[in-house]
Amino acid sequence: MRKNRILIIWIGAIALLIVGYFIADSLLFDGVKSRTINENGFQANYFAKNISEKKAAIVLLGGGQWGDYWGQEFANKGFIGVSLPYTGKEGLPKLTEEINLEYFEKALTWLGKQPEVHPDKIIVMGASRNAELSLLIASLFPKYVAGVIAYAPSSVSWSNTVLPYNSDDLKPSWKYLGEDIPYIPMDKISGNDSNKIGTLEYWKSGLVKTDYVTEATIKVEKINGPIILFSGKDDKVWPSSFMADMIEQRIEENNFKHSFQNIKYEKAGHLISSHPEINSNNRIGHMNINGKDYEFEFGGTSEGDEKAKKDAKIRLMEYLEKI
């Protein structure tokens, strides 16, 4: 009898703790909680307030902590945020290679049918390789996408081999309707005798392959809405500001009918594409090549990145208010 009484007390205490946790969580949390989507052929975290009018929706390509942060930020401002992963989770590809763009088409189609979403105001947003993907998706699906936000962008599509953890066989990063999206073929980055590696020259070596660049250049002029690009002039991971200028040149040559902004920051590097509220003093990244660890520079300064991220966030929100 005594043991039963003790067990009941313990169960009651645990139940009170659980109830207390959820009460405290609901009282202290002032954001917008996400709804998990795992149907209709895609996975996402969906951030939306209970609203009566249709609002613009922003799809955060790549998902993860970065996508969830922005998804909640946008929902707090009265927009819809969709944090959309496409690799690394159960049921999704493990590697960023031969990614079928139909996956994103399904997500965009579903999103446009949601009662709180304005179907003509769906924006895609990405950073670094996901900026490449955002520009590509918007150019391929102008029926569904009404604008692009791209941090540290690429003007071209790259082969799978630019990522050292992908397979060694040369493949496209992206496919649609069974066809390869044209890409710049790259050998995998090579190691050396030191413990440091420079990635910037590696990417630049691809941009001089003029025949491939012509084919792999993203047709940004087909994007059906305003484009805003953010890059750091001292990006030492890849030449994002240079590629942003390539995008701008193509825009000008093709009489783009929507607004276009190419915003470049002094003393900022690749980390302007990272979480806006986290400013790390760590200026060094790490990469494993053939079992050996190397260090590489992100570029910029902590102060430069912080200033750039704050300004970019303000300009981003201004961009969305005009959609």
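In this predicted model, helix H7 covers residues 240-253, and its 14 residues should span 20 Å at 1.5 Å a residue, which agrees with the 20 Å that separates its end C-alpha atoms. Looking down the axis of H7, one finds its buried residues within an arc of 160 degrees, so they line one face of the helix. The chain around this helix has a secondary structure of 8 helices and 13 strands. Its radius of gyration is 22 Å, close to the 20 Å that the globule rule gives for 323 residues, so the chain is as compact as a globular protein of that length.

**The chain as a whole**

- Taken along the principal axes, the box filled by the C-alpha atoms of the chain is roughly 80 × 55 × 45 Å.
- Of the 323 residues in the chain, 50% are buried, and the accessible surface comes to about 16,600 Å², with 52% of that surface belonging to carbon and sulfur atoms.
- Among the contacts in the chain with a separation of 6 or more, 71% are between residues 24 or more positions apart.

**Helix H7 and its surroundings**

- The residues of H7 that are buried are Ser240, Ser241, Met243, Ala244, Ile247 and Ile251, whereas Glu252 and Glu253, on the other side of the helix, are exposed.
- An α-helix has 3.6 residues a turn, so residues three or four places apart point the same way.
- The partners against which the buried residues of H7 pack are two helices, H4 (129-140) and H5 (200-207), together with two strands, E10 (227-232) and E11 (260-265).
- After H7 comes Asn255, which has a positive phi, near 50 degrees.

**Helix H5**

- In H5, the buried residues are Leu200, Tyr202, Trp203, Gly206 and Leu207.
- Seen down the axis of H5, these buried residues fall within an arc of 165 degrees, so they too line one face of their helix.
- The buried residues of H5 pack against H4, helix H6 (210-216) and H7, and the packing is also described from the side of H7, whose buried residues pack against H5 among other elements.

**Helix H8**

- Helix H8 (residues 302-321) has 20 residues, and the distance from its first C-alpha to its last is 29 Å, close to the 28 Å expected at 1.5 Å a residue.
- The buried residues of H8 include Ser302, Gly304, Asp305, Ala308, Lys309 and Ala312, and further along the helix Lys313, Leu316, Met317, Tyr319 and Leu320.
- The cover over the buried residues of H8 includes helix H2 (64-76) as well as the strands E3 (55-61), E6 (117-127), E7 (148-151), E10 and E11.

**Aromatic rings**

- A pair of aromatic rings is described by the distance of the centres and the angle of the planes.
- The count of aromatic pairs comes to 14.
- In one of them, the rings of Phe141 and Tyr144 have their centres 6.5 Å apart and their planes at 65 degrees, so this pair is edge-to-face.
- Phe141 is buried, because its relative accessible area is 3%, which is under 20%.
- The rings of Tyr202 and Trp203 have centres 5.6 Å apart and planes at 80 degrees, so this pair is edge-to-face as well, and both of these residues are buried.
- Tyr86, Tyr103, Phe104 and Trp174 are linked by ring pairs into a cluster.

**Residues in loops**

- Thr87 is found in the loop between strand E4 (80-84) and strand E5 (99-100), and its relative accessibility of 23% makes it count as partly exposed.
- Leaving aside residues up to four places away in sequence, Thr87 touches Leu92, Pro93, Leu95, Thr96 and Ile99.
- From C-alpha to C-alpha, Thr87 and Glu97 are 9.6 Å apart in space, and in sequence they are 10 residues apart.
- Most residues other than glycine have a negative phi.
- Lys267, in the loop between E11 and strand E12 (284-289), is a residue other than glycine with a positive phi, near 60 degrees, and it is exposed, with a relative accessible area of 62%.
- Asn290, in the loop between E12 and strand E13 (292-297), also has a positive phi, of about 55 degrees, although it is not a glycine, and at 79% relative accessibility it counts as exposed.

How values were computed: Residues numbered from 1 in each chain as written. Predicted model: local features only at pLDDT ≥ 70, side-chain atom pairs only at ≥ 80, totals over all residues. Heavy atoms only, no water. Helix = DSSP H or I, 4+ residues; strand = E, 2+ residues; numbered from the N terminus. Expected span 1.5 Å × (residues − 1). Buried < 20%, exposed > 50% of the residue type's maximum accessible area, 1.4 Å probe, protein only. Arc of directions from axis to C-beta. Contact = heavy atoms within 4.5 Å. Phe/Tyr/Trp six-rings, centres within 6.5 Å; stacked < 30°, edge-to-face > 60°. Rg over C-alpha atoms; globule rule 2.2 N^0.38 Å. Areas by Shrake-Rupley, 256 points an atom, 1.4 Å probe, with all protein chains shown as cover.
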